[in-house]
Amino acid sequence: MHLNRRVSYTIASLRSRWKDRPLSVRLDTNNTCNLKCLYCRVNDPNHTARFMTLEQFRFLARLLFSRCSYVSLSFATEPL
C-alpha cells in the first residue's frame with residue numbers, strides 16, 4: 001500500500017480519539033543507517049533504503065505537530 005494512503009487511513013482511524021489529548025510523535029524520516037553493525041537488518045543486502053519526501057513530512061507536520069507535547073525526529077534508526 002502506498003505510504004500516503006496508509007498514513008491517511010491511520011490518521012482517519014485515530015481522529016475520533018484525538019479530541020483534547022496531547023500527542024507524542026516519534027518519527028524516523030528514513031530507514032537507513034551509517035553504521036555497519038553486523039547484527040542489524042539495515043545491513044541486509046535485501047533491505048531497501050527509503051526516505052520520507054519533504055511533501056510527506058510537511059503533511060505530517062501540519063497535521064500533527066501543533067497538537068504535540070513531544071516531537072522526536074529520531075526514533076529507531078540512525079538520523080545521520
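Here are some questions and answers about this predicted model.

Q: What pattern does the protein follow along the sequence?
A: Start by counting the pieces: the secondary structure comes to two helices and two strands. Reading along the sequence then gives their order, α-β-α-β.

Q: In which helix or strand is confidence lowest?
A: Taken over the protein, the mean pLDDT is 76, and 69% of the residues reach 70 or more. Helix 2 sits at the top with a mean of 91. At the other end, with a mean of 65, is helix 1 (residues 3-18).

Q: Which element gives the most residues to the largest nonpolar core?
A: That core has seven residues: Leu23, Val25, Leu27, Leu60, Leu63, Leu64 and Cys68. Two elements, strand 1 (23-26) and helix 2 (54-64), each supply at least two of them. The top giver, with three residues, is helix 2.

Q: What kind of aromatic pair do Phe57 and Phe65 form?
A: The structure holds one aromatic pair. Its partners are Phe57 and Phe65, with ring centres 5.8 Å apart and 75° between the planes. Planes over 60 degrees apart count as edge-to-face, so the pair of Phe57 and Phe65 is edge-to-face.

Q: Why are Phe57 and Phe65 not part of the largest nonpolar core?
A: A nonpolar core takes in buried residues, and buried means under 20% relative accessible area. Phe57 has 21% and Phe65 has 24%. Both are left out because each counts as partly exposed.

Q: Is Ser72 buried or exposed?
A: Ser72 lies in strand 2 (residues 68-72). Not counting residues up to four places away in sequence, Ser72 touches Val25, Arg26 and Leu27. Its relative accessible area is 13%, and the cut-off for buried is under 20%, so Ser72 is buried.

Q: Which residue with a name starting in Phe and numbered 75 is in contact with Leu27, and what else does Leu27 touch?
A: Leave aside the neighbours of Leu27 within four places in sequence. Its contacts then include Met52, Leu60, Ser72, Leu73 and Ser74. Both partners of the aromatic pair, Phe57 and Phe65, are also in contact with Leu27, and so is the residue asked for, Phe75.

Q: How much of the exposed area do carbon and sulfur atoms supply?
A: Of the 80 residues, 24% count as buried. The protein exposes about 6,500 Å². The share of that area supplied by carbon and sulfur atoms is 55%.

Note on methods. Residues are numbered from 1 along each chain as its sequence is written. This is a predicted model: local features need pLDDT of at least 70, side-chain atom pairs count only at pLDDT 80 or more; totals for chains, interfaces and linings use all residues. Side-chain values use heavy atoms; hydrogens and water are left out. Rings of Phe, Tyr and Trp (its six-membered ring) pair if their centres lie within 6.5 Å; planes under 30 degrees apart count as stacked, over 60 as edge-to-face and the rest as tilted. Buried means under 20% relative accessible area, exposed over 50%, partly exposed in between (1.4 Å probe, protein chains only). A nonpolar core is a set of buried Ala, Val, Leu, Ile, Met, Phe, Trp, Tyr and Cys residues joined through side-chain atoms within 4.5 Å. Helices (H or I, at least four residues) and strands (E, at least two) are DSSP runs, numbered from the N terminus. Contact means heavy atoms within 4.5 Å. Accessible areas come from the Shrake-Rupley method with a 1.4 Å probe; for residues, only the protein chains shown count as cover. pLDDT is the predictor's confidence in each residue, from 0 to 100.
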